[in-house]
Structures are given as C-alpha cells and as structure tokens.
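I opened a fresh notebook page for this structure. The plan is to go from the overall build to single residues and charge pairs.

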Amino acid sequence: MSEVTTSAGRRHHGNRFGRSEQARLAVLEAADDVLAEYGFAGLTIERIAARAGVAKQTIYRWWPSKVDILLDALGEDLAEDLVPPDHGDLRRDLREHLAHLAGFLTMADTGAMVRVLLGQAQHDPALAERLRSQHLSVQHARDRLPFERAIARGELPPDTDVSRAVERLVGPIHYRVLVTGEPVTSEFTDELVDRLLGEPAGG
C-alpha cells in the first residue's frame with residue numbers, strides 16, 4: 001500500500017485504488033494556489049508537488065497532465081461552492097445563487113482556473129468536450145434546480161422554459177467576467193433576477 005507525506009507532515013496510506021484522498025485534495029488545493037500565484041505558464045507539476053508535499057511521480061500516476069489536475073480541481077470547487085440554496089422562495093434562491101456564482105468566477109483562484117480552461121479549450125477540441133460533458137453540463141443541471149423546485153411547488157407554471165431562464169441569468173455574468181471585465185456586483189445580479197421574474201412586490 002502506497003504512502004505519501006502532505007505539506008503538514010502527516011503520512012497517509014493510499015487506499016485500495018492507490019490514492020490517498022487527503023493527499024489528492026492537497027494536490028488540488030496546491031494547483032489552485034500555484035495557478036493564482038504563477039499563472040498557467042508557471043503552473044508546473046514540480047511546483048504543485050512541492051506545495052502539496054507529495055512526490056512528483058505520484059502526481060503523474062494520478063493525473064496525465066496539469067490540465068487534468070485543473071479539471072479535477074474545478075469539479076471539486078463547483079460541487080462545493082455552486083449548489084443553489086433552497087429557501088423555498090425562487091427570487092431569494094436565485095439572488096443568492098447568482099451572487100455565489102459571481103464571487104466564484106471573480107475570486108483569484110477559481111476564476112483564474114475557469115478562464116484558463118476556457119482559453120485552452122478554444123484550441124483543444126478534446127478539452128472543450130471534456131469541459132462541457134464533465135463539468136459545464138453538470139453545473140447547468142445545478143443551475144436549473146431553483147426553477148425545477150419552484151415548478152414542483154407551484155410557484156412557476158409547468159411549461160416554464162428552464163434552460164432559457166438559466167441562460168438569461170448566467171450568460172450576462174460570464175460575459176462580464178470573460179469579455180468586458182466589468183464588475184459583477186450584487187446589484188447587477190439582483191437586477192438580472194428581477195428582470196426575469198418581474199419587480200418584487202413593493203419594490
């Protein structure tokens with residue numbers, strides 16, 4: 001059974017798949033940190049290994065390339081940070097979810113990772129397909145959840161075009177982050193929700 005040492009100095013034995021989960025997470029966190037500090041050009045397996053406290057050879061056994069590490073890290077971050085809340089009120093759920101999305105995309109580590117992967121995908125069709133099928137489509141399903149819950153409780157009609165509604169909310173945020181560079185404030189994201197649902201009563 002394999003054994004690795006994390007940056008904290010603790011030793012972890014690999015599981016039956018040959019991978020320590022704590023060491024794996026340490027590598028993913030290290031990739032976030034190194035990317036934020038050095039950019040994509042400076043993101044090397046050597047730097048990731050040193051930051052995570054694992055052997056370079058171990059990383060190569062687990063991931064074929066640094067892009068694979070970023071894809072794995074992105075999946076962890078999306079699942080952890082971008083599951084919409086469920087307060088039983090569509091407007092509140094959407095406002096909170098969009099605020100979290102804006103923060104996720106504009107934070108130094110996660111935002112940089114998204115921009116790097118999308119940039120690489122422009123000239124790497126295989127990466128583009130992996131990004132869409134493994135991550136973006138999964139996140140789209142999460143983005144639909146507030147609407148699907150609202151339909152189930154009768155807050156929205158059953159024939160609501162959920163995919164179109166998600167595009168109208170998420171698209172402008174990505175456009176600002178990836179194209180114009182304008183700030184994505186809570187006022188901006190709240191306005192997107194209010195335009196879609198109509199002004200709140202008394203607003």
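My entries follow in the order I looked things up.

**Entry 1: overall build**

I note at the start that this is a predicted model. I counted elements and got 9 helices and 2 strands. I then read their order from the N terminus: β-β-α-α-α-α-α-α-α-α-α. So both strands come before the helices, as that order says by definition of reading from the N terminus.

I looked up burial for the whole protein. Of its 203 residues, 40% are buried. The exposed surface is about 10,700 Å², and carbon and sulfur atoms supply 51% of it. I also looked at contacts with a sequence separation of 6 or more. Residues 24 or more positions apart account for 58% of them.

**Entry 2: helix H1**

I checked the length of helix H1, residues 21-38. At 1.5 Å a residue, its 18 residues should span 26 Å. The end C-alpha atoms are 25 Å apart, so the two values agree.

Which residues of H1 are buried? I found Ala23, Arg24, Ala26, Val27, Leu28, Ala30, Ala31, Asp32, Val34 and Leu35. The list includes two charged residues, Arg24 and Asp32. Just after H1, Gly39 takes a positive phi of about 80 degrees.

**Entry 3: Asp77, a buried acid**

I went to Asp77 in helix H4, residues 66-81. What is the nearest side chain of opposite charge to Asp77? It is Arg24, 9.9 Å away. A salt bridge needs nitrogen and oxygen within 4 Å. Asp77 has no salt bridge, yet Asp77 is buried.

I listed what Asp77 touches, leaving out residues up to four places away in sequence. The contacts are Asp32, Leu82, Phe104, Thr110 and Met113. Asp32 also stands in my list of buried H1 residues.

**Entry 4: His135**

His135 sits in helix H7, residues 125-152. Is His135 buried or exposed? Its relative accessible area is 9%, so I put His135 down as buried. Beyond residues up to four places away in sequence, His135 touches Leu71, Leu74, Gly75, Leu78 and Arg130.

**Entry 5: salt bridges**

How many salt bridges does the structure hold? I got 16. I looked at several of them one by one.

Arg149 pairs with Asp86, and their closest N and O atoms are 3.8 Å apart. Arg149 lies in helix H7 and Asp86 in the loop between H4 and helix H5, so the pair ties together parts 63 residues apart in sequence. Arg149 is partly exposed at 23% relative accessibility. Asp86 is exposed at 51%.

Arg95 pairs with Asp194, with the closest N and O atoms 2.8 Å apart. Arg95 belongs to helix H5 and Asp194 to helix H9 (residues 186-197), so this pair ties together parts 99 residues apart in sequence. Arg95 is partly exposed, with a relative accessible area of 26%. Asp194 is buried, at 10%.

Arg132 and Glu129 meet in a salt bridge at 3.5 Å, N to O. Both lie in helix H7, 3 residues apart, about one turn of the helix. An α-helix has 3.6 residues a turn, so residues three or four places apart point the same way. Arg132 is partly exposed at 46% relative accessibility. Glu129 is partly exposed too, at 42%.

I also found a network. Glu21, Arg24, Asp72 and Glu76 are joined by salt bridges that share partners. Arg24 is the residue I met earlier, 9.9 Å from Asp77.

**Entry 6: surface and one spacing**

I looked for a nonpolar patch on the surface. Tyr175, Leu178 and Val179 make one of about 300 Å². Val179 lies in helix H8, residues 162-180. At 54% relative accessibility, Val179 counts as exposed.

Last, I looked at Glu46 in helix H2, residues 45-52. Glu46 is partly exposed, at 43% relative accessibility. Its C-alpha atom is 9.4 Å from that of Ile59, and the two residues are 13 apart along the chain.

Note on methods:
Residues numbered from 1 in each chain as written. Predicted model: local features only at pLDDT ≥ 70, side-chain atom pairs only at ≥ 80, totals over all residues. Heavy atoms only, no water. Patch = residues over 30% accessible without salt bridge, like charges linked within 9 Å, V, L, I, M, F, W, Y side chains within 5 Å. Areas by Shrake-Rupley, 256 points an atom, 1.4 Å probe, with all protein chains shown as cover. Helix = DSSP H or I, 4+ residues; strand = E, 2+ residues; numbered from the N terminus. Buried < 20%, exposed > 50% of the residue type's maximum accessible area, 1.4 Å probe, protein only. Contact = heavy atoms within 4.5 Å. Expected span 1.5 Å × (residues − 1).
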